[in-house]
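Biologist: Please pick one part of this model and take me through it closely. Then follow its surroundings outward, in one connected account.

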Amino acid sequence: MRNIAIIPARGGSKRLPNKNILPLAEKPLIHYTLEAVVNSALFETVILSSDDDKILDIGREIEGVTLEKREVTLAGDNIKVIDLVKSIAARKGYINQFETIGLFLPTCPFRTAKHIQEAYQLLSEDDLSVVSVTEMSDPVQLTLTIDESKLANPEALLNPSPLITGETRSQDFQTFYRVNGGLYIAWLKKFIEKDNFFQGKIKAYNMDKLHSVDIDYKLDLEWAEYLLKNNHVKI
C-alpha cells in the first residue's frame, strides 16, 4: 500500500465563504472527503493540507489523517491545486516511498470509499492516471460563446455547429463528460514526469450525476442537503 493521498482545503474560499467547514447534514463538508479517503484503506499517507486552523482541527478528529499547515506561498488565490500536488510529489524521497499519488477535492462530498476503490482498480501499469467523471447534463454541441458586444458565436466550439446545420437531435450527439473533482490517481513517477494527471493515457471512472455534486455556491450545498435528507444518494 505505497500510495499517498492529498486533500487540499483552503480557508479563503470566495464564492462560498468557509465552504469547507460549513455543515452538510450536521457534518462539516471536508469531513466527507476525509472519511471516504481514509475508509478506502488504500493510502499509507493521507495529507490534509490547509492554511486554516479550523479545517485542520476537523482533520484532527479522524484517525489516519496527516495534518499539514499550508505554506503561505501555496495558499494564495492565484495558486492552483496542481501546484500544491506537484510540490508534495517532489519532496525528497517520495518517489521511492510511494507508487501512486491521489488528489481528492472536498467539494465533491458524495464520492465514497467504494468509488475510490473501484477507480483504483482501473489503473494499470500502462496508464498515467484514473480520473472521475460524470456525464454532462446538456449537449456541448449546442453551446455558443457571447462576446462583450453581446454577439453570439455558435461555432466557437464546433465548426460547422449543429445550430447552423440544423442537426440538433440530441440523440445523435456523442456523449461528453466533465471531470467532477472526486478523484485523481496517478503513478507517482509518471505524474512527476508529466506535471499533471492528464498528459498521458487516462482512464475515466464514471460516477452518476447525483454523487458528482460539486459544491461551489450556497445553492449547491442546499441541493446536496436535499439529496442526502431524501436518500437520493448513498454514502
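Modeller: What follows starts at one helix and works outward.

This is a predicted model, in which local features need pLDDT of at least 70, side-chain atom pairs count only at pLDDT 80 or more, and totals for chains, interfaces and linings use all residues. Residues are numbered from 1 along each chain as its sequence is written, and side-chain values use heavy atoms, with hydrogens and water left out.

Take helix 8, residues 218-229. Helices (H or I, at least four residues) and strands (E, at least two) are DSSP runs, numbered from the N terminus. Helix 8 has twelve residues and spans 17 Å from first C-alpha to last. That is close to the 16 Å expected at 1.5 Å a residue, where the expected span is 1.5 Å times one less than the number of residues.

Which residues of helix 8 are buried (under 20% relative accessible area; exposed is over 50%, partly exposed in between; 1.4 Å probe, protein chains only)? They are Leu221, Ala224, Glu225, Leu227 and Leu228. Down the axis of helix 8, these buried residues fall within an arc of 160°, so they line one face of the helix. The arc is taken from the directions from the helix axis to the C-beta atoms. The spacing follows a general rule: an α-helix has 3.6 residues a turn, so residues three or four places apart point the same way. On the other side of helix 8, Lys218, Leu219 and Lys229 are exposed. After helix 8 comes Asn231, with a positive phi near 55°.

What covers the buried residues of helix 8? The cover includes strand 2 (23-24) and helix 1 (29-39). Start with helix 1. Eight of its eleven residues are buried, so helix 1 is largely enclosed by the rest of the structure. The eight are Leu29, Ile30, His31, Tyr32, Thr33, Leu34, Ala36 and Val37. Just after helix 1, Ala41 takes a positive phi of about 60°.

Now strand 2. The loop between strand 2 and strand 3 (27-28) holds Glu26. Glu26 is not a glycine, yet its phi is positive, about 70°. Glu26 is also exposed, at 79% relative accessibility. Most residues other than glycine have a negative phi, and most peptide bonds are trans. Lys150 is another exception, with a positive phi of about 75°. Lys150 sits in the loop between strand 8 (145-146) and strand 9 and counts as exposed at 69%. The peptide bond from Asn159 to Pro160 is cis, with omega near 5°. Pro160 lies in the loop between strand 9 (152-153) and helix 6 (162-165).

Back to strand 2, on its other flank. The loop between strand 1 (3-8) and strand 2 contains Ser13. Ser13 is buried, with a relative accessible area of 17%. Its side chain makes polar contacts (N or O atoms within 3.5 Å; within protein, one able to donate a hydrogen and the other to accept it; residues adjacent in sequence count only if both atoms are side-chain atoms). One goes to the backbone oxygen of Leu16 at 2.8 Å. Another goes to the backbone nitrogen of Asn18 at 3.3 Å. Leaving out residues up to four places away in sequence, Ser13 is in contact (heavy atoms within 4.5 Å) with Asn18 and Lys19.

Ser13 also helps to line the largest cavity, along with Arg10, Gly11, Asn18, Lys19, Asn20, Ile21, Asp52 and Ile55. The largest cavity holds about 30 Å³ of space. The search used a 1 Å grid over the protein atoms alone: a cavity is a set of points where a 1.4 Å probe fits but cannot get out; a pocket is an open set with protein on both sides within 12 Å along at least five of seven lines; lining residues have an atom within 4 Å of a point. Points are joined across faces, edges and corners, and a volume is the space filled by probe spheres set on them.

The largest pocket has a volume of about 590 Å³. Its lining counts 28 residues, with Arg10, Arg15, Lys19, Val81 and Thr107 nearest its centre. Arg10 and Lys19 therefore appear in the cavity lining and among these central pocket residues. Strand 10 gives the most to the pocket lining, five residues. Helix 3 (81-89) and strand 10 (177-187) each supply at least two.

Last, Thr100, in strand 6 (residues 100-103). Thr100 is buried, at 0% relative accessible area. Its side chain meets that of Asn3 in a polar contact of 2.7 Å. Beyond its neighbours within four places in sequence, Thr100 has contacts that include Ile185, Ala186 and Trp187.
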